[in-house]
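Visitor: I have a model on my screen and would like to understand how its features get their names. Could you walk me through it?

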Amino acid sequence: MKCRPLYAGIMFPGHQIWRLKQIKQLFRLILVNFIPYLQNINLMRETVLYGFLYLFLLLNASAQPGSRQFKAVKLNEGSVELTVSDGRYRIHPCNDNIIHTRFFPDNIEVKDFSFIKSGKKQMVNSFHLLEEGNHIILTSGGMQVRISKQPFSISYYYKDKLLIAEKAGFVLDSLQKLNFSIGADEVLYGGGARVTGMDHRGQRLMLYNRAHYGYETHSELMNYTLPLFYSSRLYGVLFDNASLGWLDLDSRHTNEVNYETIAGTPDYYVIAGDDWFDLVKQYTLLTGRQPMLPRWALGNFSSRFGYHSQAETESTVKLFERKNVPLDAVIIDIYWFGKEIQGSMGNLTWYADSFPRPQRMMKRFAKKHIKTILVTEPFILTTSNRWKEAVEKGVLATDSTGSPFTYDFYFGNTGLIDIFKPQAKEWFWNIYKGLINEGVDGWWGDLGEPEVHPSGLQHVSGSADELHNAYGHEWAKMIFEGYRRDFPDTRPFILMRAGYAGSQRYGMIPWSGDVSRSWGGLVSQPEIALQMGMQGLAYMHSDLGGFAGADTIDNELYVRWLQYGVFQPLFRPHAQEHIPAEPVFQKQSTLKLAQQAIELRYAMLPYNYNLVFKNNQTGAPLMIPLFFNEQHNPKLLTYDSAYLWGNAFLVSPVKAPGLRTQSVYFPQGSQWTGFFDDNQYEGGKTHEVDLKPDHIPVFVKGGSFIPLAKSMKNTAEYSLNNFMMHYYPDSTVSHSVYTLYNDDGKTFGAFAKGEYEMMDFEARYADSLLSVSMIKSKGSPRFLNEKYPLELFVHHVFSKPVHIMLNGSPYDRWRWDKLRNLLIIDLEISEKEAQADIRLK
């Protein structure tokens, strides 16, 4: 949402003689408050932005670090403490792949703005410490910290391979800095959501969550920044500090990384992995894994900014029914609490003139298994119905005198809920709790950067700038923990656009902000989602069709965006109110193509739900960069024209109008099959593929099992009682395995409670004999006792099989489709293993 604010909250000092430090502070304020507003003004960007940056860097160049001297080493509660001439290092091995390092400078009081450890148990690992002459070596599994006493240095290794080393280490100037040396050949990723190309090396990235309205193919600062970077050498560094700062990824081309911040403890983690999947697994082990989404979250949403009334909302839902478009949820934006955009934010109660009987509306939706989601914001306007209550309860952030801090932004004169204050959380959660009891099923937390967060504003535990990047994180935590306490069996749905490292553990589902409704807007979406999936936020997705800009629908763009949306984490068309984002309002030809995309999304439910489970267990992204599978292929390190959806699908979005063909790189290691036409392609090569209006290029990896569901109105009709399993034989793949997870789709912690089932599929292919076995291998008695009818579809069967045996006996419940080269076998899956042996010619 929605519009760019006009107030930046900068406060200038009165008459005084400004010393160098004060000048630096002023320019820091200018950078924080004004630079983001210049992103869409090219001339000012060239003349002003770089002018400020040059002066800022010039001023900061005045301070040089002194020579750090080693003094002593000792063991201290599962960590190693190094005393040096200007402070203390505390080095803590978390596990065999992660080292945590903190520096405590002498004679300087530093606050702790860490949010990684919040709500998580401290990770502890055994280690070995060796002190020998000028060297100290700490070894923990594959990780090793090598310390040189004179000259003092700290280097990090994994399995004897150098990862990264402190160069100057901690430096205190106008900013606190951590300085590292890196290799000349490393490709760098991370820093949160950006649109600057896949390789972020050479960039100085501001760490300050800030909306960029209407962005397209370039955006250096967006809603969700992260103090994290990854290297192509298979390590990552996470700086655990939510304060305003910068992540400089070798912008001066000196083979250095600098982390710079205004406050907080110098605090970082070095994380290593054997491959990319392992690296992300370790990162999410540290920061937390995403709880499983409710299954309905994988369905289709009806959404726009916004529905003005109960009547409009209900008539839109009825239109989905009348046009036979599957639907699982409806999102009600800002008008649920007020008639106008401005003046009513913070009411946080139904506006009766427009929504006279909301409980009855939600009850009717619930009978149709359609969920209701409300949009909320953390701003309480001085004109809202709750302003007096919020002041009396002391839930608002304050000024230096302790009074509520008020300021103007687009929606009105406002205060901000102090999400870091316990009584504010309790007050805010009780509003949510009451609405949940009325029938609300999920939440969209908007403007949570916060969109306007003046530097002079004070929270209970720090200033606005010190805590800014953790605001959305704590907001999501409040809702998540409220559900765990008051609705413990319910899986929360929490959609937000800003957070911090580890927000995924509170169930946050991020989206990519107010993207332009243009081809340029679509171009940037895979890059954002791939980068954020690597950084633990696997559900990053976009407003399908785009949000901001054009006053008319570009039908080709709309359809291509929805076709891409089938293979992004959430399927949620959304746009400004004057542009209907819902497919049911499009012209017939567009509706037909959109409907095909939506129906495919529902058919993919078994496969997609399996991705949800795998992410919950391992942190694996849903959208996977191709270099995850070919980590030694340098051409793929910056490639985002195609990606993997899970391990089985290769997806190549169409991101330009009028194209008839598209070049696609097919990963090595197998053959690939066109998902829509069964054409085969050799892996390890780039092929030119034809484009069709009814789908984007999608391919299946040879040897894959693909479970598909049959048609449904919404996910409430989902069942594995009569589903389809497609198998794609590949002569280069002799052995394949696949495990399908299933539960009730709604109970929180179903897997941990044992309320689930798992089905194992295995295929062996050699000498014209294909053997496919299946069994229910694990789960609760409720699931294991059920038998599921199953249609097995075997692709690329070019002649009628000689015979088929089931568990050693002849079997005749099968048919061969000569036109499609497809073999269909009717089977049954249960806790008793079944094996079909197919003799091919």
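Visitor: Which residue in β34 stands opposite glutamine 671?

Guide: Glutamate 682 in β34 stands opposite glutamine 671. Do keep in mind, as we go on, that this is a predicted model.

Visitor: What makes β33 and β34 a pair of strands?

Guide: Pairing needs at least two bridges between the strands. Strand β33 (residues 671-674) and β34 pair in the antiparallel sense over three bridges, so they meet the rule.

Visitor: And why is β34 called an edge strand?

Guide: The open sheet has six strands in the order β29-β30-β31-β36-β33-β34, with antiparallel pairing. Strands β29 (623-624) and β34 (680-682) each pair on one side only.

Visitor: How do you know that aspartate 86 and arginine 68 form a salt bridge?

Guide: The cut-off is 4 Å between the side-chain nitrogen and a carboxyl oxygen. For aspartate 86 and arginine 68 the closest N and O atoms are 2.8 Å apart, so the pair counts as a salt bridge. Aspartate 86 sits in the loop between β2 (80-84) and β3 (87-95) and arginine 68 in the loop between α2 (42-60) and β1 (70-75), so the bridge ties together parts 18 residues apart in sequence.

Visitor: Why is arginine 68 called buried?

Guide: Buried means under 20% relative accessible area. Arginine 68 has 11% relative accessibility, so it counts as buried. Aspartate 86, at 28%, counts as partly exposed, because that class runs from the buried limit up to 50%.

Visitor: What makes aspartate 486 and lysine 433 a salt bridge?

Guide: Their closest N and O atoms are 3.8 Å apart, and that is within 4 Å, so the rule is met. Aspartate 486 lies in helix α9 (residues 471-486) and lysine 433 in helix α7, so the pair ties together parts 53 residues apart in sequence.

Visitor: Where do glutamate 449 and arginine 497 fit in?

Guide: Their side chains meet in a salt bridge of 2.3 Å, N to O, and both residues are buried. Salt bridges that share partners join Asp446, Glu449, Glu451, Arg497 and Asp514 into one network. By the same rule the count comes to 36 salt bridges.

Visitor: Which residues touch the most other members of the largest nonpolar core?

Guide: Of its 224 residues, these are Ile479, Phe567, Trp645, Phe649 and Phe761. Helix α7 (residues 422-438) gives the most to this core, with eight residues. Apart from it lies another core of 37 residues, including Met143 and Phe239.

Terms used
Residues are numbered from 1 along each chain as its sequence is written. This is a predicted model: local features need pLDDT of at least 70, side-chain atom pairs count only at pLDDT 80 or more; totals for chains, interfaces and linings use all residues. Side-chain values use heavy atoms; hydrogens and water are left out. A nonpolar core is a set of buried Ala, Val, Leu, Ile, Met, Phe, Trp, Tyr and Cys residues joined through side-chain atoms within 4.5 Å. Buried means under 20% relative accessible area, exposed over 50%, partly exposed in between (1.4 Å probe, protein chains only). Helices (H or I, at least four residues) and strands (E, at least two) are DSSP runs, numbered from the N terminus.
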